[in-house]
Amino acid sequence: MTFFFLPLYHITILPPSRFGRIIGENAAMMVDNTLPLNGLHIAPGERVLTRLVISKLPSGTVIDVPVHVVRALEPGPVVLLMAGMHGDEVNGVETIRRLVRRDLLRPTRGTIIAIPILNIYGFLNFSRDVPDGKDVNRSFPGHPRGSLASRVAHRFMREIMPLVDYGIDYHTGGAARANFPQLRCVLGQDAETDALATAFAAPFTLHAPLRPGSLRATAHELGKRIIVFETGESLRFDEAGIEVAIAGTLRVLHHLGMSPAGPVPAQASIVCRRSRWLRARFAGLFRAHVRLGDYVQEGQVFGSVADPYGEQVVRLDAPWSGYVIGLNYMPVVHQGDALLHLASE
């Protein structure tokens, strides 16, 4: 068996530092043009793998977050590529792994910060959340003495966020719900965000309001632009979606003047400004009559819910016309469970 290792200039493990005021617009960059991160001063042209220590398991095992930093010689924007905010969402993890493994993160200007897994706890336990049951993506900006999720968010805000100009946050549908490849951001309010979404050119671009406590909302308050890519379902690879994510990322880097042109998208992105999960009115066995990516007409039967004893079947009609961008693959559903995510232009 042969093992291959990427060349690295620095590997370091340092304890968490105290919380400092978040400074926007890359003001944390040193006057000598080195990038300060985790006790290092990373010079232009360097490739670095460093590890942010978060905490310890009850066994005493150190939990740290690996961070790849790749800097070009020419100055430019700092772009964050991050996955694994939810530990069971593996498609984003695989996206960044392939970008690193294929040596595609070679900016001609500026800096790329790539974090394959932020929520190491959840990743180790096949879980969306951290062991305290909280969602890291509802815990920003965090606190150094808060819950475990809050501490993870705080460490990120202390070390990474002050350096970032733009970012792509990779996610996956959860709990047996699958997402068709889609980009989410606030549309029509900021020209640069709209341009990032256009450059990414996902099959669907979805207007998604900011949610309190999320990375995207917190970054917005600091003048940072983060877009979110979603594909597939938790704990399963979505090969087509992963390749869409890689291609879209390369197009964003090209848009920012950081790399050669990315692959041409197969089709124009469908922009949807309205979306809603349709939920089960009755408990029972759910069977979908449509597939991800399908267009359904108002009144069209998209599925059915039946009792498990063969006595009754309820057909489900679409309340308006739109695209199926999310679908529940769990056959057994309760009243109120999300069944189908319908989006319209």
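**Exercise 1. Determine whether D103 is buried, partly exposed or exposed in this predicted model, and describe its backbone setting.**

Solution. The relative accessible area of D103 is 28%. Buried would require under 20% and exposed over 50%, so D103 counts as partly exposed. Its position is the loop between α1 (90-101) and β7 (109-115). Turning to the backbone, D103 has a positive phi of about 60° although it is not a glycine. For context, most residues other than glycine have a negative phi.

**Exercise 2. Carry out the corresponding analysis for A201: where does it lie, and is it buried or exposed?**

Solution. A201 is found in the loop that runs between α4 (191-200) and β10 (204-207). Its phi is positive, at about 55°, although A201 is not a glycine. The relative accessibility of A201 is 13%; the limit for buried is under 20%, and A201 therefore counts as buried.

**Exercise 3. Identify the peptide bond that joins F140 and P141, and locate P141.**

Solution. Omega is about 5° for the bond between F140 and P141, and this peptide bond is cis. Most peptide bonds, by contrast, are trans. P141 belongs to the loop between α2 (120-124) and α3 (148-159).

**Exercise 4. Establish the strand order of the open sheet of 4 strands, and explain why β17 and β19 stand at its edges.**

Solution. The order is β17-β16-β14-β19, and the pairing is antiparallel. β17 (313-317) and β19 (332-333) each have a single partner strand, so one side of each is left without a neighbour in the sheet. For β19, the pairing with β14 (residues 284-288) is antiparallel and extends over 2 bridges.

**Exercise 5. Which residue in β19 stands opposite L285, and to which surface patch does L285 contribute?**

Solution. The residue opposite L285 is V332 in β19. V332 has 48% relative accessibility and counts as partly exposed. Together with M330, L285 and V332 form a nonpolar patch on the surface, with about 250 Å² of accessible area together.

**Exercise 6. Characterise the largest pocket by its volume, its lining and the elements that contribute to it.**

Solution. The volume of the largest pocket is about 790 Å³. It is lined by 30 residues, of which R138, R184, R211, E230 and W277 are the closest to its centre. Elements that give two or more residues to this lining include the strands β8 (166-173), β9 (177-185), β11 (225-233) and β20 (338-344), as well as α5 (215-221).

Key:
Residues are numbered from 1 along each chain as its sequence is written. This is a predicted model: local features need pLDDT of at least 70, side-chain atom pairs count only at pLDDT 80 or more; totals for chains, interfaces and linings use all residues. Side-chain values use heavy atoms; hydrogens and water are left out. Two strands pair if DSSP finds at least two bridges between them. Patches are made of residues with over 30% relative accessible area and no salt bridge: like charges are joined within 9 Å, nonpolar side chains (Val, Leu, Ile, Met, Phe, Trp, Tyr) within 5 Å. Accessible areas come from the Shrake-Rupley method with a 1.4 Å probe; for residues, only the protein chains shown count as cover. A salt bridge is a side-chain nitrogen of Lys or Arg within 4 Å of a carboxyl oxygen of Asp or Glu. Buried means under 20% relative accessible area, exposed over 50%, partly exposed in between (1.4 Å probe, protein chains only). On a 1 Å grid over the protein atoms alone, a cavity is a set of points where a 1.4 Å probe fits but cannot get out, and a pocket is an open set with protein on both sides within 12 Å along at least five of seven lines; lining residues have an atom within 4 Å of a point. Grid points are joined across faces, edges and corners, and a volume is the space filled by probe spheres set on the points.
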